[in-house]
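Reader: I should like to go through this structure with you before I return to the bench. Could we begin with how far the coordinates can be trusted?

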Amino acid sequence: MSPTPASTSLRRSLGLWAIVGLGLGYMTPMTVFDTFGIVTGETNGVVPSAYLVALVAMVFTAISYGRMTRVYPSAGSAYTYASETIHPNVGFLVGWSSLLDYLLLPLVNALIVRLYLESFFPAVPGWIWVVGYVAVITAMNLFSMSSTSRVNGILVVFQIVLIAVFVVLTWTALNAGAGTGTPFSLTPLLHTGVHLGAVIGGATVVCFSFIGFDAITMYTEEAKDARTVPRAIVLALMIGGAIFFVAAWFAQSRFPTLAGFHFTDDTLPEIALKTGGLLFQILFISAAVAAAVASSLASHASVSRMIYVMARNGSGRISRTLGSVHPRFRTPSIAVLLVGAVSLLAAAFTLEFVSSMINFGALIAFTVVNATVIIHFALRRKERRGFRQIARNIVLPAIGMLLTGVLWANLHLDALGYGVVWLTIGIITLVVVTRAFRRPLRVKLDEDGDAAIITREGAPSEAAR
């Protein structure tokens, strides 16, 4: 007998702007200042160009995500689309690949908060901050998605306000002769000595900032109206991209080179101090902490939903446990607690080590989602007649595949190395789970958690045991 929806389904409590806010929180607008020094060195001083290249690549992918969300209005994102459109085994590997990135993002935020607090309170052991911080984030995600969304929204607004103040202060300084001497110089976008390869290399760094718009699809089963999710994806990407570009433009205009910076690995504190003095630096660092908290809430929520969906499609005790929903809170409680446990590793790892492992899986997921549009619409449904259908169903997703493929090919060698190791573990896991591919994986899209096997065409074929 199937359990009742009230005890097994996620609570539909998120409106359009709540979902957009979660996407922006995940994307962390303040990160543009943290990575400014790294990307300036990588691109020879054209950080806005790197963000523009990454944004263009992501726009095509966002369109593909929006279209596939309408086809499969279920949590699970790229994992679900690849499973349904290509093959459940392919979906598993896509989900497994991106799971590494999504699991590491809450850990990265906990690590950043630990570093901030250690700088203020050096006598306190770092693990204490990690345990306390992770406990709070995990508890908020466990008890209520709506309260998580509200807190995230407040923190995102705080970030945007501080970035707006930075723009005003920088505008004034530029008009007074600082930096390029004008807010309208094209130097931050292009100047002598800039090469396309370097800009693409910088784009592979900043595309980390865009990981978040795709995570919006994880909230499909908690949206008040699932039809708003595609719109939320595009809105989050465009708003986030605009914030990144404008902030990078004014930062690069004010600081065309890194001359005068003592620390280029994280330039945020010095940018704030040079822009508005000590008081502004304190406020700006507070906004950076708020950004880490907002990103923690959003990333913790989304990765726990991915684990939940992958688990409910499996079988056995572990899958049943991870694929369960708390009967009172209507959240994937065990998956939330698992993400919290992984985040505790922030007490031991370094930021350089963890950040080197991110982006591999996400870019694979982006590439595959573009491919699923071609497979589903152009090949399966044969919608390839006339210019409009060819453009929508073949040309646009193919461009998205090409652009994300270029970014993937230009990843840091460490990211590629760790990614290949993680993918190899996933292949071994798949072989074990499927008993050397003799037992097929199930694909279950029923948002109420009813056990159902879904055919390749999307219709229930039989009830799962």
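Reader: How many contacts beyond four places in sequence does the model have for residues 1-7, and where does pLDDT stand there?

Author: This is a predicted model. Over residues 1-7 the pLDDT stays under 50, and the model has nine contacts beyond four places in sequence for them. Where pLDDT is low, the predicted coordinates should not be read in detail.

Reader: Which pLDDT applies over residues 446-465?

Author: Residues 446-465 also stay under 50, with 45 contacts beyond four places in sequence in the model. Strand E1, residues 452-454, has the lowest confidence in the chain, at a mean of 34.

Reader: And where is confidence highest?

Author: In helix H11, residues 229-254, at 93. For the chain, the mean pLDDT is 83, and 90% of the residues reach 70 or more.

Reader: Turning to the interior, which residues touch the most other members of the largest nonpolar core?

Author: Phe33, Tyr65, Phe166, Phe210, Phe213 and Phe284 do, in a core of 128 residues. Helix H12 gives the most to this core, with 23 residues.

Reader: What is Phe213 in contact with, leaving aside neighbours within four places in sequence?

Author: Its partners are Met27, Met58, Thr61, Ala62, Tyr65, Ile233, Leu237 and Phe366.

Reader: How many aromatic pairs are there in the whole structure?

Author: A search finds 18. In one of them, Phe210 and Phe244 meet edge-to-face, 5.3 Å centre to centre with 70 degrees between the planes.

Reader: Why does that pair tie together parts that are apart in sequence?

Author: Phe210 belongs to helix H10 (residues 196-210) and Phe244 to helix H11, so the pair joins parts that are 34 residues apart in sequence. Phe210 counts as buried because its relative accessibility is 0%, and Phe244 is buried too, at 1%.

Reader: What about Phe255 and Phe261?

Author: They form an edge-to-face pair, 5.3 Å centre to centre, with 75 degrees between the planes. Phe255 is buried at 6% relative accessible area, and Phe261 is buried at 10%. Lys274 lies over the face of Phe261, 5.3 Å from the ring centre.

Reader: Which ring does the charged end of Arg67 sit over?

Author: That of Phe377, 4.0 Å from its centre.

Reader: One last residue: is Gln281 buried or exposed?

Author: Gln281 counts as buried, because its relative accessibility is 15% and the cut-off for buried is under 20%. Gln281 lies in helix H12, residues 268-312. Apart from neighbours within four places in sequence, Gln281 is in contact with Pro269, Ala272 and Leu273.

Notes:
Residues are numbered from 1 along each chain as its sequence is written. This is a predicted model: local features need pLDDT of at least 70, side-chain atom pairs count only at pLDDT 80 or more; totals for chains, interfaces and linings use all residues. Side-chain values use heavy atoms; hydrogens and water are left out. Helices (H or I, at least four residues) and strands (E, at least two) are DSSP runs, numbered from the N terminus. Buried means under 20% relative accessible area, exposed over 50%, partly exposed in between (1.4 Å probe, protein chains only). Contact means heavy atoms within 4.5 Å. A nonpolar core is a set of buried Ala, Val, Leu, Ile, Met, Phe, Trp, Tyr and Cys residues joined through side-chain atoms within 4.5 Å. pLDDT is the predictor's confidence in each residue, from 0 to 100. Rings of Phe, Tyr and Trp (its six-membered ring) pair if their centres lie within 6.5 Å; planes under 30 degrees apart count as stacked, over 60 as edge-to-face and the rest as tilted. A charge sits over a ring if NZ of Lys or CZ of Arg is within 6 Å of the ring centre and within 35 degrees of the ring normal.
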